[in-house]
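Thanks for coming. I have one structure to go through today, and I will keep to what can be read from it. Please have a look at it first.

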Amino acid sequence: MPGPVKEHELLRKFAGEWESEGEAFMAPGQPPTKLRGVESSRLIGGFWFVAQIKGTVPDFPYEQVLTIGYDPARKKYIGTVIDSMTSHIWLFEGTFDVTGNILTWETEGPVPSPQAPSKFREVTELKSPDHKVFKSSVLGPDGSWNTIMTINIRRK
């Protein structure tokens with residue numbers, strides 16, 4: 001069996017024990033919602049980054065499982081997200097920038113409306129070995145990407 005390739009190695013620096021705080025814009029014209037959480041992430045076999053994320057959205061607990069791997073045939077990073085807020089499995093693909101510190105991927109899902117899925121762009125940037133920033137943006141009707149969530153994640 002072939003082993004991991006150099007692209008898999010980029011995922012290693014994102015793994016670890018992390019704490020997060022951020023904000024989400026849940027509705028237009030409303031103040032941002034404060035978010036807090038923890039992430040425990042690791043690599044499986046050198047191929048897959050797997051993170052379990054737990055937090056609170058003001059009135060209820062939230063849990064998410066994120067997987068990211070590299071598909072050499074497609075030359076893309078691929079992944080999934082499942083969470084405690086929907087029955088939808090988010091499938092995505094993306095790329096790292098030339099520095100290997102910024103992972104950008106795109107996905108589509110039933111938020112805010114199950115009848116009209118929205119397109120999302122997610123970016124995780126490693127600012128330092130102990131600080132990463134996650135940003136989620138949704139594609140607006142005018143074709144522009146609107147940031148709806150920003151989370152600062154710091155190594156414990």
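The largest nonpolar core in this predicted model has 28 residues. Which residues have the most contacts inside it? They are Leu11, Phe49, Leu66, Ile68 and Tyr77. Take Leu11 from that list. Leaving out residues up to four places away in sequence, Leu11 touches Leu43, Phe47, Phe49, Ile68, Gly69, Tyr77 and Phe96. Three of those names, Phe49, Ile68 and Tyr77, should sound familiar from the list I just read.

Now the chain around that core. The secondary structure comes to one helix and ten strands. Read along the sequence, the pattern is α-β-β-β-β-β-β-β-β-β-β, with the helix ahead of the strands.

On overall size, the C-alpha trace spans about 50 × 35 × 30 Å along its principal axes. The radius of gyration is 16 Å, and a compact globule of 156 residues would have a value near 15 Å, so the chain agrees with that expectation. Buried residues make up 37% of the 156 residues. The chain exposes about 9300 Å², and carbon and sulfur atoms supply 58% of that area. As for contacts, take those between residues at least 6 apart in sequence: 31% of them join residues at least 24 apart.

Next, charges. Side chains of opposite charge can pair when their charged atoms come close. How many salt bridges does a search of the whole structure find? It finds nine. I will go through some of them.

Glu21 and Arg36 meet through their side chains in a salt bridge, at 3.0 Å from N to O. Glu21 is in strand S1, residues 16–24, and Arg36 is in strand S2, residues 33–44, so this pair ties together parts that are 15 residues apart in sequence. Glu21 counts as partly exposed because its relative accessibility is 45%. Arg36, at 56%, counts as exposed.

A second pair is Lys34 with Glu23, where the closest N and O atoms are 3.2 Å apart. Here too strands S2 and S1 are linked: Lys34 sits in S2, Glu23 sits in S1, and they are eleven residues apart. Lys34 is exposed, with a relative accessible area of 57%, while Glu23 is partly exposed at 26%.

The third pair is Glu39 with Lys132, with the closest N and O atoms 2.9 Å apart. Glu39 lies in strand S2 and Lys132 in strand S9, residues 131–139, so the bridge ties together parts that are 93 residues apart in sequence. Are these two residues buried or exposed? Both Glu39 and Lys132 are buried. Besides the pairs, there is a network: Asp71, Arg74 and Glu93 are joined by salt bridges that share partners.

Staying with strand S2 for a moment, look at Thr33, which also lies in that strand. Thr33 counts as buried because its relative accessibility is 15%, and the cut-off for buried is under 20%. Apart from neighbours within four places in sequence, Thr33 is in contact with Gly22, Glu23, Ala24, Met26, Val57 and Pro58. Glu23 is the partner of Lys34 from the second salt bridge.

Now to the surface and the loops. Ile82, Ile89 and Leu91 make a nonpolar surface patch of about 280 Å². Where does Ile89 lie? It is in the loop between strand S5, residues 76–83, and strand S6, residues 90–96. At 43% relative accessibility, Ile89 counts as partly exposed.

Ser87 is placed in the loop between S5 and S6 as well. Ser87 is exposed, with a relative accessible area of 83%. Its C-alpha atom is separated by 19 Å from that of Asp59, and the two residues are 28 apart along the chain.

One more loop residue is Lys75, found between strand S4, residues 60–71, and S5. What is notable about its backbone? Phi of Lys75 is near 55°, which is a positive value in a residue other than glycine. Lys75 is exposed, at 60% relative accessible area.

To go back over the main points: the largest nonpolar core has 28 residues, the chain has one helix and ten strands, and the search finds nine salt bridges. That is all I have.

Conventions
Residues are numbered from 1 along each chain as its sequence is written. This is a predicted model: local features need pLDDT of at least 70, side-chain atom pairs count only at pLDDT 80 or more; totals for chains, interfaces and linings use all residues. Side-chain values use heavy atoms; hydrogens and water are left out. Patches are made of residues with over 30% relative accessible area and no salt bridge: like charges are joined within 9 Å, nonpolar side chains (Val, Leu, Ile, Met, Phe, Trp, Tyr) within 5 Å. Accessible areas come from the Shrake-Rupley method with a 1.4 Å probe; for residues, only the protein chains shown count as cover. A salt bridge is a side-chain nitrogen of Lys or Arg within 4 Å of a carboxyl oxygen of Asp or Glu. Helices (H or I, at least four residues) and strands (E, at least two) are DSSP runs, numbered from the N terminus. Buried means under 20% relative accessible area, exposed over 50%, partly exposed in between (1.4 Å probe, protein chains only). A nonpolar core is a set of buried Ala, Val, Leu, Ile, Met, Phe, Trp, Tyr and Cys residues joined through side-chain atoms within 4.5 Å. Contact means heavy atoms within 4.5 Å. The radius of gyration is taken over C-alpha atoms; the globule rule is 2.2 Å times the number of residues to the power 0.38.
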